[in-house]
Each structure stands twice: as C-alpha cells, then as structure tokens.
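Biologist: Please take a close look at a single part of this model for me. I would like one loop described, and then what surrounds it.

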Amino acid sequence: MSAVEARLAELGLTLPAVVPPLAAYQPAVQSGVYVYTSGQLPMVDGKLPVTGKVGAEVTAEEAKELARTCALNALAAVKSVTGDLDRIARVVKVVGFVASAPDFTGQPGVINGASELLGEVLGEKGVHARSAVGVAVLPLDSPVEVEIQVELAQA
C-alpha cells in the first residue's frame, strides 16, 4: 500500500474504482510529468447519491461533501495512469463546477470540499491553484464536478 493510500485509510477513506467514462474520453491522461483528469462526478458505486442544483434541491453542505467524493474519484483516475499515488509531486490546479440555483454564490465554499480533501491526503503536495465556477447544469444533473491536474515526481 502506498503512503497516500495509507493516509486515506487513516482518514477512513478507500480509493474507489475509476469511474467509467460517460462518453468518448479517458478518465485521465498523462503528458510528460503531468496528469490531467477529466471532470469527475461524485459517483459512488456507479450512481450519483444526489442530483439537482446547489442552493435549490441540494444544500451547500451536501455539495461540499460531494466535492470531496469528486476529488477522491480524481485521485483514483490519477492512479489509473500512474500506478502509484506516491508519484504525485504536487497538485497543480483544481477546477470545480457547481450546478447552481440562479441566486447561489457559494461556489468557492463548495469546492473547498475537494481542496480540503487533497490537503488532508497529500499535505503540502495538495496545495494548489483553483477555479470554482457556477454553471446552469452538469452531466446527469450532478450538483458538482471536479477535475485536477497533478505534477509527478521525476522517476
């Protein structure tokens, strides 16, 4: 077990299987020392636990937890191409999308769920640049979607 996966276990988390693509793309690709994930939905056992817009059918607190799940799914996607999460030198960027009710403006707080998970799991390597964007709708009526970019340590 890698040190990162041991840390996940300490936090009571398990790295899930990679979420299969919903369309014509790969969950993650590597280019040089960087891994770029596709947008990860908060799928658990192949299903979205909640659907709808944040600020309407979904609370900001629920959405923040869903963003944590997205980040965990993103780590699974990274592992699918690297084979070992201990190869992560740092998380470079997180981009989070929040399907928002028209008057909802708390997107940064929602995406903090992903950012905080990456910090808890990776420590200083999890500190990153970030965008948190409100959108009208996401695939499958998901409340949240997160993608990450990581730099790998030189082999």
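**The loop between β4 and β5**

Modeller: L140 sits in the loop between β4 and β5. The model is a predicted one, and this loop is a convenient place to start reading it. Phi of L140 is near 60°, a positive value in a residue that is not glycine. Most residues other than glycine have a negative phi. D141 is also placed in the loop between β4 and β5, and its phi is positive too, at about 65°, although D141 is not a glycine.

D141 also takes part in a salt bridge. Its partner is K53, and the closest N and O atoms of the two are 3.0 Å apart. This pair links distant parts of the chain: D141 belongs to the loop between β4 (129–135) and β5 (144–152), while K53 belongs to the loop between β2 (34–37) and α2, 88 residues apart. With a relative accessible area of 30%, D141 is partly exposed, because that class covers values between the 20% limit for buried and the 50% limit for exposed.

P139 is another residue of the loop between β4 and β5. At 40% relative accessibility, P139 counts as partly exposed. Leaving aside residues up to four places away in sequence, P139 touches L41, L48 and E145. The C-alpha atoms of P139 and A99 are 9.6 Å apart in space, and the two residues are 40 apart in sequence.

Next comes the strand that follows the loop. V144 belongs to the largest nonpolar core, which has 37 residues, and V144 is listed with L75 and I148 as having the most contacts inside that core. At least two residues of this core come from each of α1, α2, β3 (88–99), α3 (107–122) and β5. The element that gives the most is α2, with 11 residues. Not counting residues up to four places away in sequence, V144 touches Q40, L41, P42, A63, L66, A67, C70, F97, V110, I111 and L138. L41 is thus a contact of V144 and also of P139.

Helix α2 comes up again in the pocket. The largest pocket has a volume of about 280 Å³. Its lining is made up of 16 residues, and P16, M43, V44, T69 and N73 lie nearest its centre. The largest share of that lining, five residues, comes from α2. By class, the lining has 10 nonpolar, three polar and three charged residues.

Some residues of α2 can be taken one by one. E61 is placed in helix α2 and is exposed, with a relative accessible area of 59%. E61 and G109 are 48 residues apart in sequence, and their C-alpha atoms are 8.7 Å apart in space. S80 also lies in helix α2, and at a relative accessible area of 44% S80 is partly exposed. The C-alpha atoms of S80 and A28 are separated by 7.6 Å, although these residues are 52 apart along the chain.

K79 provides a second salt bridge to set beside that of D141. Side chains of opposite charge can pair when their charged atoms come close. The side chains of K79 and E5 meet in a salt bridge, at 2.9 Å from N to O. K79 is in helix α2 (residues 60–82) and E5 is in helix α1 (residues 3–10), so the pair ties together parts that are 74 residues apart in sequence. K79 counts as partly exposed, at 25% relative accessibility.

Within helix α1 there is a salt bridge between R7 and E10, with the closest N and O atoms 3.0 Å apart. Both residues lie in helix α1, three residues apart, which is about one turn of the helix. R7 counts as partly exposed at 29% relative accessibility, whereas E10 is exposed, with a relative accessible area of 61%. The structure holds five salt bridges, among them the pairs D141 with K53, K79 with E5 and R7 with E10.

To return to the loop: L140 has a positive phi, D141 has a positive phi and a salt bridge to K53, and P139 touches L41, L48 and E145.

Note on methods:
Residues numbered from 1 in each chain as written. Predicted model: local features only at pLDDT ≥ 70, side-chain atom pairs only at ≥ 80, totals over all residues. Heavy atoms only, no water. Salt bridge = Lys/Arg side-chain N within 4 Å of Asp/Glu carboxyl O. Helix = DSSP H or I, 4+ residues; strand = E, 2+ residues; numbered from the N terminus. Buried < 20%, exposed > 50% of the residue type's maximum accessible area, 1.4 Å probe, protein only. 1 Å grid on protein atoms, 1.4 Å probe; cavity = no way out; pocket = protein on both sides within 12 Å on 5 of 7 lines; lining within 4 Å. Points joined across faces, edges and corners; volume = space filled by probe spheres on them. Nonpolar A, V, L, I, M, F, W, Y, C, P; charged D, E, K, R; others polar. Core = buried A, V, L, I, M, F, W, Y, C linked by side-chain atoms within 4.5 Å. Contact = heavy atoms within 4.5 Å.
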